[in-house]
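Student: Please take a close look at one part of this protein for me. I would like the surroundings explained as well.

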Amino acid sequence: MSLFLMVFTVCLLVSVATVTALMLSRTPRYRTQAQDMLDLFDAVLDNRASEARWHTLIGYPIRHDAYLENLRRRSQHLMETHGRPWQAAQGGSLFSRSGREELVALRDHLAVHQALQGGEYRA
């Protein structure tokens, strides 16, 4: 009987500790930053990004920065209108020529915005 009580007590303590740890821990959050988007745009323009990488970053809503969310939506629309994922799978570009031109404009706009935010922009 004492063995049963000892095993029961140990199991109860482990269970309570596990529940307590789970209740006190937070769920992990991923926050997309401007540099992440710049890196993705550069990779796409250099034909180094896959469709999966594009959708991983652009498909995830950005709730902490309205500017980045707007840029993400514009990028999503860009993929819908100018995307060519079948060519990217064969080593080609993820976008058509006009899509790459629009992506360059988005990338430059984001880079200038980041420079202005950091105080690095010189006219």
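Tutor: Start with the contacts of the whole chain. Of the contacts in the protein chain with a separation of 6 or more, 52% are between residues 24 or more positions apart. Keep in mind that this is a predicted model.

Next, the elements. The protein chain has six helices and zero strands. Read from the N terminus, the order is α-α-α-α-α-α.

Now the overall dimensions. The radius of gyration of the protein chain is 23 Å, whereas a compact globule of 123 residues would have one near 14 Å. Along the principal axes, the C-alpha atoms take up a box of roughly 80 × 40 × 20 Å.

Then the surface. The protein chain has an accessible surface of about 8800 Å². Carbon and sulfur atoms contribute 57% of that surface. Of the 123 residues in the protein chain, 26% are buried.

With that background, zoom in on one part: Valine 16. This residue sits in helix α1, which spans residues 2-24. Its relative accessible area is 46%. Buried means under 20% and exposed means over 50%, so Valine 16 counts as partly exposed.

Valine 16 also belongs to a nonpolar surface patch. The other members are Met1, Phe4, Leu5, Phe8 and Leu12. Together with Val16 they make a patch of about 670 Å². A residue needs over 30% relative accessible area to join a patch, and Valine 16 passes because it has 46%.

To put the close-up together: Valine 16 is a partly exposed residue of helix α1, and it helps make a nonpolar patch on the surface.

Definitions and conventions: Residues are numbered from 1 along each chain as its sequence is written. This is a predicted model: local features need pLDDT of at least 70, side-chain atom pairs count only at pLDDT 80 or more; totals for chains, interfaces and linings use all residues. Side-chain values use heavy atoms; hydrogens and water are left out. Patches are made of residues with over 30% relative accessible area and no salt bridge: like charges are joined within 9 Å, nonpolar side chains (Val, Leu, Ile, Met, Phe, Trp, Tyr) within 5 Å. Accessible areas come from the Shrake-Rupley method with a 1.4 Å probe; for residues, only the protein chains shown count as cover. A salt bridge is a side-chain nitrogen of Lys or Arg within 4 Å of a carboxyl oxygen of Asp or Glu. Helices (H or I, at least four residues) and strands (E, at least two) are DSSP runs, numbered from the N terminus. Buried means under 20% relative accessible area, exposed over 50%, partly exposed in between (1.4 Å probe, protein chains only). The radius of gyration is taken over C-alpha atoms; the globule rule is 2.2 Å times the number of residues to the power 0.38. Contact means heavy atoms within 4.5 Å.
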